Amino acid sequence: MGAGLPFEGTFADEPRLSTLADHEVPTCSLDDTVADARGRLGQWDLVLVVAGPERVVLGLVRAEALGLGLGLGLGLEDDRPIAEVMQEGPSTYRPHVSATEMSQTLNDSGPVPWVMVTTLSGSVVGLVRPEKVHAAAAGAEGG
């Protein structure tokens, strides 16, 4: 379960982060530039910085760090290395965490725009919006 693989058993029907995560998260590598990351954002407000074919998460870059989203026209150089604007070591959660557990964690920790899900080895599984976690938890609890 911690590797994001399918599972079965007594609690298999309970919603988990692995089943709630949006797996189509934009990514870039340390070799990419600000322009590369901007081009991958799409409808997202961040790009994950990953390494290797395993897509191990190294950090993330928010749209604001790319000069977007604030309407300020920050004018970051397109050829600037992504490593200069990325946030290292973002908080991550494992695929096996249930929606109920994550909902409680979110209630205790305060508002966040998303929950990042990675395997035990740090490979990206996807992102989940808190609203989706809370809705799944409410459904799992029958309310």
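Biologist: In the loop between β2 (46-51) and β3 we find R55, so why is R55 called partly exposed?

Modeller: This is a predicted model, and every value I quote is computed from it. The relative accessibility of R55 is 29%, while buried means under 20% and exposed means over 50%. R55 therefore falls in between, and it counts as partly exposed.

Biologist: What makes the phi of R55 worth mentioning?

Modeller: Phi of R55 is near 55 degrees, which is a positive value in a residue other than glycine. Most residues other than glycine have a negative phi.

Biologist: Which residues does S123 touch, once those up to four places away in sequence are left out?

Modeller: S123 touches R55, together with E54, V56, V117 and T118. S123 itself is found in the loop between β5 (115-118) and β6 (124-128).

Biologist: Why is S123 called buried?

Modeller: The relative accessibility of S123 is 11%, and buried means under 20%, so S123 counts as buried even though it is found in a loop.

Biologist: Where does D22 lie, and why is D22 called partly exposed?

Modeller: D22 lies in the loop between α1 (17-20) and β1 (27-28). Its relative accessible area is 33%, and because partly exposed covers what is neither under 20% nor over 50%, D22 belongs to that class.

Biologist: How do you know which parts of the chain D22 meets?

Modeller: Contact means heavy atoms within 4.5 Å, and by that rule D22 is in contact with W44, V125, G126 and L127, leaving aside its neighbours within four places in sequence. In addition, the C-alpha atoms of D22 and V117 are separated by 9.4 Å, although the two residues are 95 apart along the chain.

Biologist: Where does P111 lie, and what makes P111 exposed?

Modeller: P111 lies in the loop between α3 and β5. With a relative accessible area of 83%, set against the requirement of over 50%, P111 is therefore called exposed. P111 and P130 are 19 residues apart in sequence, and their C-alpha atoms are 8.3 Å apart in space.

Biologist: Why is the pair of R16 and E14 called a salt bridge?

Modeller: A salt bridge needs a side-chain nitrogen of Lys or Arg within 4 Å of a carboxyl oxygen of Asp or Glu. For R16 and E14 the distance from N to O is 3.9 Å, so the pair meets the limit. R16 is buried, with a relative accessible area of 7%, whereas E14, at 24%, is partly exposed.

Biologist: How do you know that R40 and D32 form a salt bridge as well?

Modeller: Their closest N and O atoms are 2.7 Å apart, which is within the limit of 4 Å. R40 counts as partly exposed at 36% relative accessibility, while D32 is buried, since its 13% is under the cut-off of 20%.

Biologist: What makes R80 and E84 a salt bridge, and how many does the structure hold?

Modeller: The closest N and O atoms of R80 and E84 are 2.9 Å apart, again within 4 Å. R80 is partly exposed at 23%, and E84, at 52%, is over the mark of 50% and therefore counts as exposed. The structure holds four salt bridges.

Biologist: How do you know where empty space is left?

Modeller: Rolling a probe the size of a water molecule over the atoms shows this. The largest pocket holds about 200 Å³ of space. Of the 14 residues that line the largest pocket, S91, Y93, V112, W114 and V115 are the closest to its centre. The elements that give two or more residues to this lining are β3 (56-62), α3 (99-109) and β5, and α3 gives the most, with three residues.

Biologist: Which classes of residue make up the lining of the largest pocket?

Modeller: The lining of the largest pocket has 10 nonpolar, three polar and one charged residues.

Biologist: How many helices and strands does the chain have?

Modeller: The chain has four helices and six strands, and along the sequence they follow the pattern α-β-α-β-β-β-α-β-β-α. Of the 143 residues in the chain, 39% are buried.

Technical notes: Residues numbered from 1 in each chain as written. Predicted model: local features only at pLDDT ≥ 70, side-chain atom pairs only at ≥ 80, totals over all residues. Heavy atoms only, no water. Buried < 20%, exposed > 50% of the residue type's maximum accessible area, 1.4 Å probe, protein only. 1 Å grid on protein atoms, 1.4 Å probe; cavity = no way out; pocket = protein on both sides within 12 Å on 5 of 7 lines; lining within 4 Å. Points joined across faces, edges and corners; volume = space filled by probe spheres on them. Nonpolar A, V, L, I, M, F, W, Y, C, P; charged D, E, K, R; others polar.
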